[in-house]
Amino acid sequence: MPEISLKVDNDVGLHARPAALFVQTAARFQDTTIEVRNGTATCDAKSILQLLTLGVGPGTVITVRAEGGQADEALDALRNLVEGGFSEG
Amino acid sequence: MGGSAPALRGTPASGGRASGPVFLVPEASSGGSAPPAAGTDPEAVGRAAEAAADRLVQLARERAGTAQSAAAILEAQAMMLRDPSLLSGIRDRLASGSSAEEAVVGAAETFAQQLEAVGDEYLRQRAADVRDVGRLLLTQLRGGAASRLEGLTEPAVVVAHDLAPADTLSVDPSLLLAVVTETGGPTSHAAIIARELGIPAVVRLAGAVEAARGAPGASVDGTVGEVRFGTASEVRTAAGGRRLDLGALPVPLRANAGSPAAVQAAADAGALGVGLLRTEFLFLGREEPVSEDEQAALYAAACSAMAPHPVVVRTLDVGFDKPLPYVPPERAEPNPALGQRGVRLWLAHEELWRPQVAALVRVGAAHPNLEVMIPMVATRSEMVDVGTRFQEAAGRQGATPPRLGMMVELPAAAVALDRFAGLAAFVSLGTNDLTQYALGADRELDWGVELTEYNPGVLTLLAGAIEGAHRAGLEVGVCGELAGQPEGATFLVGAGADYLSMAAGSLGPVAGALGRRDADRCRTAARAAQAARDADGALRLLREGR
């Protein structure tokens, strides 16, 4: 199961607009299960409610794991989003 | 009878005053009479959530232009409705025998409490969102997708225990004279949306629903957070609509008006002046010219209603689409848009300009807030001519002529405003005609966004006109439709306009947009919009306000 580490290097962390963009990006990969880990806590990357309570502040390093048909594509898309500073399309 | 009721105090959430009849929002039906229809079918939960989310996204799209934060809130709630963990939480509860209501409310509440437990203000608002989402989903499951404000058909002070953004945004904002809720805080969604729409609001007012029950009317002061519920007779006299608090904005907002009654309404609404008083209403639909006395009486009434704020009276602007029966065109005009209209026609007809100039000079002598604006000026000589006529009339009356300005609607004038220094004290950008002439596209034909004011070339023309006018020492107002759009107002303030004038109904939304952006942010956005590749890009930059 592929896994990447990402540093959330923005002003607000995975909150507000960045959180929404993260979930929207993850939700594009329907047959893929994507999990976000912050420390010992993990959550479903497609759940905005879980992601918000995961408490990913600015500067946090998260681990993202994916499993399923488009696992690599999903991780690439999330990496581009986070490393691109959450700029919109 | 018995004097007016004591004021109740809540938390001020959106400035301004309003009074009118009370509309008490029905509580989201909680069980009781109607048994849940297909509520316990797990499949139905998914379908209902999808339908409710679709409705929010649709509402968000409709409001994206005028109420951006509100649209973002709706989109966030739609995302929660589609959240797989919320839906599985509901399904798990249904599988273990909960009723639809218990399942939905229970699942939403669990997430709400988790969000609140983090102890961050932003997440506390998200907790309120999850609870809203639970209520929306429950309503949808019961087959009642309708808004709780469905019964609101006349403008009223809306009172509720709590109000979801989807409720507030489901009705025409002009029906919401003011909003009063028992819950919420200054940063809650109800408050954010009220500020964005320019609607006075008081939140966290304990006992508001009880006090509103049986009270036919209320007056609300959203600046200090006071609400007074009154008797029927008090309401009838106080049914004055809503008054905006426009004091803290980067530039004064004025209203456009077409009659003295509209000037009064603009004054009541809190406008800081009239930036365009059209005088065509006096002339159209009549068989003969209007006398000096009749004109003077109406101008004086308008100036009194708005004092001490300025009233800019535009001299008669007819021809083209507004022909006068007693002033036939002097020659056949194959293209009346480019024919004898505005100042060209007015100067050519003594029976039109002479009584109007005399009336304006007379009223100006008694009302220092009167200003005069000349439409469709193309050349310096036209303004020289106009100035001479005002000087002569003033000389005859032993008065000083009123402050004189020109409307900028022609590109050639817009790029050469320094030539008018000394002839005009101010200019007002008539962005509708200026855009049509700059793009060669009739706005009535709806060509799409690229042939509108947001075309970067037109934005550059407007910014250059403002800068050129300022260099020549002229005050710059804007009275075209662009000033009444939140994105347009952001641009114009950023480009340096000294005041904006708009339809009275736009004052609230524009005040809401400008209240969130200081002059610096507007400047940055205005510069970026001029440099955008196309109108679509410019609009996006102005919406984001960066």
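In this predicted model, helix α17 of chain B, which spans residues 431-439, supplies the largest share of the lining of the second largest pocket, namely four residues. That lining consists of 30 residues in total, and the second largest pocket holds about 680 Å³ of space. For a reader who wishes to find the middle of the second largest pocket on screen, the lining residues that lie nearest its centre are B:D321, B:N432, B:D433, B:Q436 and B:R443. Sorted by class, twelve residues of this lining are charged, ten are nonpolar and eight are polar.

Chain B also contains a closed barrel, which is a good landmark to look for next. The barrel is built from eight strands with parallel pairing, in the order β10-β11-β12-β13-β14-β15-β16-β17. On average, and with direction ignored, neighbouring strands of this sheet are turned by 25° against each other. One of the pairings can be followed residue by residue: strand β15 of chain B (residues 426-429) joins strand β16 of chain B (residues 475-478) in the parallel sense, over four bridges. Within this pairing, B:S428 has B:G477 of β16(B) as its bridge partner.

Turning to enclosed space, the count of cavities of 30 Å³ or more comes to one. The largest cavity has a volume of about 50 Å³. Its lining is made up of B:G65, B:T66, B:Q68, B:P486, B:E487, B:A513, B:R516, B:R517, B:L542 and B:R543. Two elements of chain B, α19 (486-494) and α22 (535-544), are those that give two or more residues to the lining of the largest cavity. By class, the lining of the largest cavity comprises four charged, three polar and three nonpolar residues.

The two chains, finally, meet at an interface in which 15 residues of chain B are in contact with 14 residues of chain A. On the chain B side, the residues that lose the most area to chain A are B:M79, B:D83 and B:Y122, and together these account for 40% of what that side buries. The size of an interface is often given as the accessible area lost when the parts come together. For chain B and chain A, the buried area is about 1,200 Å². Carbon and sulfur atoms give 72% of the area buried between chain B and chain A.

Terms used. Residues are numbered from 1 along each chain as its sequence is written. Chains are lettered from A and ligands numbered from 1 in the order in which they are written. This is a predicted model: local features need pLDDT of at least 70, side-chain atom pairs count only at pLDDT 80 or more; totals for chains, interfaces and linings use all residues. Side-chain values use heavy atoms; hydrogens and water are left out. On a 1 Å grid over the protein atoms alone, a cavity is a set of points where a 1.4 Å probe fits but cannot get out, and a pocket is an open set with protein on both sides within 12 Å along at least five of seven lines; lining residues have an atom within 4 Å of a point. Grid points are joined across faces, edges and corners, and a volume is the space filled by probe spheres set on the points. Ala, Val, Leu, Ile, Met, Phe, Trp, Tyr, Cys and Pro count as nonpolar, Asp, Glu, Lys and Arg as charged, and the others, Gly among them, as polar. Two strands pair if DSSP finds at least two bridges between them. Axes are lines fitted to C-alpha atoms, for helices over the stretch in contact, and angles run from 0 to 180 degrees between N-to-C directions. Contact means heavy atoms within 4.5 Å. Buried area is the accessible area (1.4 Å probe) that two parts lose on being put together, summed over both.
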